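Trainee: Could you take me closely through one part of this model, the aromatic residues and their surroundings? I should like the criteria stated as each term arises.

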Amino acid sequence: QVQLVESGGGLVQAGGSLRLSCAASGRTFSSYAMGWFRQAPGKERKFVAAITGNGLVAAYADSVKGRFTISRDNARNTVYLQMNVLKPEDTAVYYCAAGTEWRPKSLNDYWGQGTQVTVSS
């Protein structure tokens, strides 16, 4: 069982930056691929970024490439999402996810509760 707790969301102006964190419980954090997904009001949840257990491979949605960076610290059981040059269309609830297999867009073994990111224009 893995529990995921996100933090770092908030209100930011367009062009600004935020860093999301996701802290995971358990001793086998490095065995999980980790990812971030987001869900805007009235829309389905969508893939944002993912990273392999060893942190060597990352994948991104086209809409965030070049602006967002996913990273992880296995010693701290934490995965991060650095978000730069934020746009109003990035406004959503951001969810952290964990998966036992490297399927970036389908990580769904465990989910966090989500953190709200709001970007004002």
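Mentor: Let us begin with Phe-37, which is buried at a relative accessible area of 5%; buried means under 20%, exposed over 50% and partly exposed in between, with a 1.4 Å probe and protein chains only. The model is predicted, so local features require pLDDT of at least 70 and side-chain atom pairs pLDDT 80 or more, whereas totals for chains, interfaces and linings use all residues. Residues are numbered from 1 along each chain as its sequence is written, and side-chain values rest on heavy atoms, without hydrogens or water.

Rings of Phe, Tyr and Trp (the six-membered ring of Trp) pair if their centres lie within 6.5 Å; planes under 30 degrees apart are stacked, over 60 edge-to-face, and the rest tilted. Four aromatic pairs satisfy this rule. In one of them, Tyr-32 and Tyr-110, the ring centres are 6.0 Å apart and the planes stand at 75 degrees, so the arrangement is edge-to-face. Tyr-32 belongs to the loop between strands S3 (18-24) and S4 (33-39), and Tyr-110 to strand S10 (residues 110-111), so their pairing ties together parts 78 residues apart in sequence. Strands here are DSSP runs of E with at least two residues, numbered from the N terminus. Tyr-32 and Tyr-110 are buried.

Phe-37 itself pairs with Trp-111: the centres are 5.1 Å apart and the planes at 65 degrees, so this pair too is edge-to-face. With Phe-37 in S4 and Trp-111 in S10, the pair ties together parts 74 residues apart in sequence. Trp-111, however, is partly exposed, at 33% relative accessible area. Together with Phe-47 and Tyr-95, these two residues form one aromatic cluster.

A charged side chain also meets this cluster. The charged end of Arg-45 sits over the ring of Tyr-95, 3.7 Å from its centre, and over the ring of Trp-111, 4.5 Å from its centre. The criterion is NZ of Lys or CZ of Arg within 6 Å of the ring centre and within 35 degrees of the ring normal.

Next comes the nonpolar core, a set of buried Ala, Val, Leu, Ile, Met, Phe, Trp, Tyr and Cys residues joined through side-chain atoms within 4.5 Å. The largest has 36 residues, and those touching the most other members are Leu-4, Met-34, Trp-36, Val-79, Leu-81, Met-83 and Tyr-94. At least two residues of this core come from each of S3, S4, S5 (46-51), S7 (68-73), S8 (78-83), S9 (92-99) and S11 (115-120). Beyond its neighbours within four places in sequence, Val-79 is in contact (heavy atoms within 4.5 Å) with residues including Leu-20, Ser-21, Cys-22, Met-34, Trp-36 and Cys-96.

Ser-21 offers a view from strand S3. This serine is buried, at 17% relative accessible area, and its contacts more than four places away in sequence include Val-5, Glu-6, Trp-36, Thr-78 and Tyr-80.

Finally, consider backbone geometry in two loops. Most residues other than glycine have a negative phi. Asn-77, in the loop between S7 and S8, has a positive phi of about 55 degrees and counts as buried at 17% relative accessibility. Val-85, in the loop between S8 and S9, likewise has a positive phi, near 50 degrees, but counts as partly exposed at 48%.

Terms used:
Helix = DSSP H or I, 4+ residues; strand = E, 2+ residues; numbered from the N terminus.
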